[in-house]
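Colleague: I should be grateful for a close look at a single part of this model, with the surroundings described as far as they bear on it.

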Amino acid sequence: MRHTQQAALALTGGQPETIHHDMIRAALASPATVAIAPAQDYLGLGSNARFNTPGTATGNWRWRIRDIQLDREFCDNTVGIVAASGRQFPSAGS
């Protein structure tokens with residue numbers, strides 16, 4: 001296991017299989033005014049879904065989420081993680 005992953009697991013108390021969600025939860029639990037997590041992290045995608053590679057001038061910003069990835073499970077999981085942090089916006093009817 002790489003040092004960075006070990007440090008992240010120590011911070012979150014998570015497991016390698018759930019590190020993407022554990023890091024999102026840690027960001028949302030922070031006192032920061034704004035917490036942002038890429039869709040790739042919510043989906044648990046690997047480095048092949050990176051938006052960009054620092055230090056490279058070409059081949060960046062090509063990844064796109066596919067309609068099929070925006071299914072009910074994705075939406076429910078995302079809403080659940082955000083709601084558990086208390087950062088969700090009130091519903092339109094509230």
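**A buried glutamine and the adjoining pockets**

Modeller: Q69 counts as buried because its relative accessibility is 13%, under the 20% limit for that class. The model is a predicted one. Q69 is located in the loop between α3 and α4. Apart from neighbours within four places in sequence, the residues in contact with Q69 are L43, L45, W63, R64 and F74.

One of these contacts, L45, leads to the pockets. L45 belongs to the lining of the largest pocket, together with R2, T4, Q5, A8, I19, H20, M23, D41, G44, G46 and S47. This pocket holds about 460 Å³ of space. Its lining comprises four nonpolar, six polar and two charged residues, and α1 (3-12) and α2 (19-29) each contribute at least two residues to it.

L45 also appears in the lining of the second largest pocket, where the other residues are P38, Q40, D41, G46, S47, A49, R50, F51 and N52. The space in the second largest pocket is about 200 Å³. By class, its lining has four nonpolar, four polar and two charged residues.

I19, which lines the largest pocket, is also one of the buried residues of α2. The others in that helix are H21, D22, I24 and L28. The buried residues of α2 pack against α1, α3 (39-43) and α4 (72-85). The last two of these helices, α3 and α4, are those joined by the loop that contains Q69.

Key:
Residues are numbered from 1 along each chain as its sequence is written. This is a predicted model: local features need pLDDT of at least 70, side-chain atom pairs count only at pLDDT 80 or more; totals for chains, interfaces and linings use all residues. Side-chain values use heavy atoms; hydrogens and water are left out. On a 1 Å grid over the protein atoms alone, a cavity is a set of points where a 1.4 Å probe fits but cannot get out, and a pocket is an open set with protein on both sides within 12 Å along at least five of seven lines; lining residues have an atom within 4 Å of a point. Grid points are joined across faces, edges and corners, and a volume is the space filled by probe spheres set on the points. Helices (H or I, at least four residues) and strands (E, at least two) are DSSP runs, numbered from the N terminus. Ala, Val, Leu, Ile, Met, Phe, Trp, Tyr, Cys and Pro count as nonpolar, Asp, Glu, Lys and Arg as charged, and the others, Gly among them, as polar. Buried means under 20% relative accessible area, exposed over 50%, partly exposed in between (1.4 Å probe, protein chains only). Contact means heavy atoms within 4.5 Å.
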